[in-house]
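Welcome! Below are some exercises to work through with the structure open beside you, each followed by a solution in steps.

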Amino acid sequence: LDLKLREEMQIEISAIQHALMITTVYVTHDQTEAMSMSDRIAVMNDGRIEQIGTADEIYDRPTTRFVADFVGQINLLDGEFAGRGGGYANVSVAGRVVRAPDVAGAAGAVSVGVRPERMDLMPEGSAPAAGANALPGTVVHRQFAGNRIKMEVELGGAKRVTVETHPGLTPIEVGARVAAVWRPEHSVLFVR
C-alpha cells in the first residue's frame, strides 16, 4: 500500500479493535506503525523482551541503549560520568560537560541519548538558554524533506549528531559553525 492508504488503514484497524474490544498481537518491524497502532509495545532483542510500555514510554524513556537505538532515530553520545547534582548526571562529551537525568549506577563510561527533534541549532557565538546543553560543531550535511530539515553536525573527531528542524526556522547552511543545543530533561542516560 502507498503511504497515505497505509496510514488510513492503520486508523481503520485500530478503530475496529477498539469497537470490538479485542486484544490483538501485531508483529512488525515498522516502528512508526507500531507506535501509531499500539496501546502497549514490547521491544525484543534476540528473543528477549527489553522493554514493555506505551509508545510514549518506549520512545521518550527507553530503559536500555538497545531500545533507544532501535526505536526511531537517536543521537547516542558516548562520554564519561563527571558527577551529579540536582537530579542530573554531568557527562563529559567531546570536551564539554552536558547534563542528563541521573540514573542509578551511573559511573565511568556512559552514553547520553537525545532525539534529533529535541535538539536545535544556534549560530556560533549565540548564547543558549540558561541550563541548556550545548556542543559546538560544524554543519556537514543538510537534507530537505518537505516538512522537516535534517542536519548532520560534526562535533569534532568522529562524533556527529543529527538535528531535525522545520523549514523556515533554521536558515543554517552546510559549513556553518553552530552549537547543537537541547534541554537536559530531553536527554536519556545509559550506563555502558
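**Exercise 1. Find out how exposed Asp 102 and its salt-bridge partner are, and what their pairing links.**

Step 1. Asp 102 is partly exposed, at a relative accessible area of 26%. Here buried means under 20% relative accessible area, exposed over 50%, and partly exposed in between, with a 1.4 Å probe and protein chains only.

Step 2. The side chain of Asp 102 meets that of Arg 84 in a salt bridge of 2.5 Å, N to O. A salt bridge is a side-chain nitrogen of Lys or Arg within 4 Å of a carboxyl oxygen of Asp or Glu.

Step 3. Arg 84 is partly exposed as well, with a relative accessible area of 46%.

Step 4. Asp 102 lies in the loop between β5 and β6 and Arg 84 in strand β3, so the pair ties together parts that are 18 residues apart in sequence. Helices (H or I, at least four residues) and strands (E, at least two) are DSSP runs, numbered from the N terminus.

A note before going on: this is a predicted model, in which local features need pLDDT of at least 70 and side-chain atom pairs count only at pLDDT 80 or more, while totals for chains, interfaces and linings use all residues. Residues are numbered from 1 along each chain as its sequence is written, and side-chain values use heavy atoms, leaving out hydrogens and water.

**Exercise 2. Describe the chain as a whole: its elements, its box and its surface.**

Step 1. Count the elements: there are four helices and twelve strands.

Step 2. Along the principal axes, the C-alpha atoms fill a box of roughly 55 × 40 × 30 Å.

Step 3. Of the 192 residues in the chain, 35% are buried.

Step 4. The chain exposes about 10900 Å², and carbon and sulfur atoms supply 54% of that area. Accessible areas come from the Shrake-Rupley method with a 1.4 Å probe; for residues, only the protein chains shown count as cover.

**Exercise 3. Which strands form the open sheet, and which of them stand at its edges?**

Step 1. Five strands make up the open sheet, in the order β5-β4-β3-β6-β12, with antiparallel pairing. Two strands pair if DSSP finds at least two bridges between them.

Step 2. The edges belong to β5 and β12 (187-191): each has a single partner strand, so one side of each is left without a neighbour in the sheet.

Step 3. On average, neighbouring strands of this sheet are turned by 45° against each other, direction ignored. The axes are lines fitted to C-alpha atoms, for helices over the stretch in contact, and angles run from 0 to 180 degrees between N-to-C directions.

Step 4. Look at one pairing: β6 and β12 are antiparallel over five bridges. Within it, Ser 111 has Phe 190 of β12 as its bridge partner.

**Exercise 4. Follow β8 to its partners.**

Step 1. β8 and β11 run antiparallel and are joined by six bridges; Pro 136 has Ala 179 in β11 as its bridge partner.

Step 2. Six bridges also join β8 to β9, again antiparallel, and Phe 144 is matched with Ile 149 in β9.

Step 3. β8 and β9 form a hairpin with four residues between them, and Gly 146 in the turn has a positive phi of about 80°.

**Exercise 5. How many residues are in the largest nonpolar core, and where do they come from?**

Step 1. The core has 25 residues; Leu 121, Val 153, Val 161 and Leu 189 have the most contacts inside it. A nonpolar core is a set of buried Ala, Val, Leu, Ile, Met, Phe, Trp, Tyr and Cys residues joined through side-chain atoms within 4.5 Å.

Step 2. Elements giving two or more residues include β4 (88-93), β8 (133-144) and β10 (159-165). The largest share, four residues, comes from β9.

Step 3. Apart from this core lies another of eight residues, among them Ala 34, Val 43, Tyr 59 and Val 67.

**Exercise 6. What does the salt bridge between Arg 192 and Asp 78 tie together?**

Step 1. The side chains of Arg 192 and Asp 78 meet at 3.7 Å, N to O.

Step 2. Arg 192 lies in the segment after β12 and Asp 78 in strand β3 (residues 75-85), so the pair ties together parts that are 114 residues apart in sequence.

Step 3. Arg 192 is partly exposed at 47% relative accessible area, and Asp 78 is partly exposed at 29%.
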